[in-house]
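Grab a pencil and open the structure viewer. Let's work through a few exercises together, one step at a time.

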Amino acid sequence: MILRHDIDNSIEQALRVARVDAEAGCSASFFLRVHARGYNLLSLPSLEIIREMEDLGHEVQLHLEGGLCEVLGSDNEDWACRQREVFEAAVGRPLGGFSLHEPARMGGIDFADRIREQWSETVQYHAYEDRFMMPSMKYLSDSSGRWREGHFAEWLDKEPRMQVLTHPFWWFERVPAENY
Ligand SMILES: [Zn+2]
């Protein structure tokens, strides 16, 4: 099972999930944005959190997004390269993979395939490649905090391979007010 977390707006919530995963003996893949209003990837607290995630055995990669060109000009490809540069400046190593944030806004899977091809020297995958999706793998996501097809644990004996996506924003210990 591939356990994936897309970190849309709070890196502190991501760290909480990173610790939960590690305590359960899981290594997961975390995808971080560079344009989030809720965190600055280059701030010291963010850099420390990335370090801790990696020390816990997790993978940290880029949550790539489009749409800025609609306001600021140029195109999604140019903005993707800029995001990659900022991400690499933060982690101090080449980008190895990415997941799309709001895929429809940037030309969907076709765009991701194209940019991955362009970046193939270091980038080994994007999260929506065929080999990680149905029918190769059962894909389960917590969109809007709901497991539409049931919690992934219910699928353990039914599917040999799964990609499970969660967003830490939707999960809390006691009440949602912990998160927003
Ligand atoms: Zn996202």
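Below are four exercises on this predicted model, each with a worked solution.

**Exercise 1. Work out the order of the strands in the sheet and find which strands stand at the edges.**

Solution. Start with a bit of background: strands of a sheet pair through backbone hydrogen bonds, either parallel or antiparallel. Now walk across this sheet. It is open and has seven strands, in the order S5-S4-S3-S2-S1-S7-S6. The pairing here is parallel. Next, look at the two ends of that order: strand S5 (125-126) and strand S6 (138-141) are at the edges. Each has a single partner strand, so one side of each has no neighbour in the sheet.

**Exercise 2. Find the strands that pair with S1, and trace the chain from S1 to S2.**

Solution. Take strand S7 to begin with. S1 (residues 2-7) and S7 (residues 162-166) run parallel and are joined by four bridges. Then turn to strand S2 (residues 29-32): four bridges link S2 to S1, again in parallel. His5 is a handy marker here. In S7, Thr166 stands opposite His5, while in S2 the bridge partner of His5 is Phe30. Last step: follow the chain. From S1 the chain passes through helix H1 (residues 11-23) to reach S2, a β-α-β crossover that is right-handed.

**Exercise 3. Describe how H1 packs against helix H2.**

Solution. First, get the geometry. The axes of H1 and H2 (residues 44-55) come within 10 Å and cross at roughly 20 degrees. Angles under 35 degrees count as roughly parallel, so H1 is roughly parallel to H2. The handedness of the crossing is left-handed. Second, list who meets whom: Ile11, Leu15 and Ala18 in H1 meet Ser46, Ile49, Glu52 and Met53 in H2. Third, sort those contact residues by type, and you get five nonpolar, one polar and one charged.

**Exercise 4. Hunt for two backbone oddities: where is the cis peptide bond, and which residue that is not a glycine has a positive phi?**

Solution. For the cis bond, go to Met134 and Pro135, which it joins with an omega of about 10 degrees. Pro135 sits in the loop between S5 and S6. For the phi, check Ser74: the angle is about 60 degrees, although Ser74 is not a glycine. Ser74 is found in the loop between helix H3 (68-72) and helix H4 (76-91).

Technical notes
Residues numbered from 1 in each chain as written. Predicted model: local features only at pLDDT ≥ 70, side-chain atom pairs only at ≥ 80, totals over all residues. Pairing = 2+ DSSP bridges. Right-handed = clockwise from strand over helix to strand, strands pointing away. Axes fitted to C-alpha atoms, helices over the stretch in contact; angles between N-to-C directions. Parallel < 35°, antiparallel > 145°, perpendicular 65-115°, else oblique. Left-handed = near helix turned anticlockwise from the far one by under 90°. Contact = placed C-beta atoms within 7 Å. Nonpolar A, V, L, I, M, F, W, Y, C, P; charged D, E, K, R; others polar.
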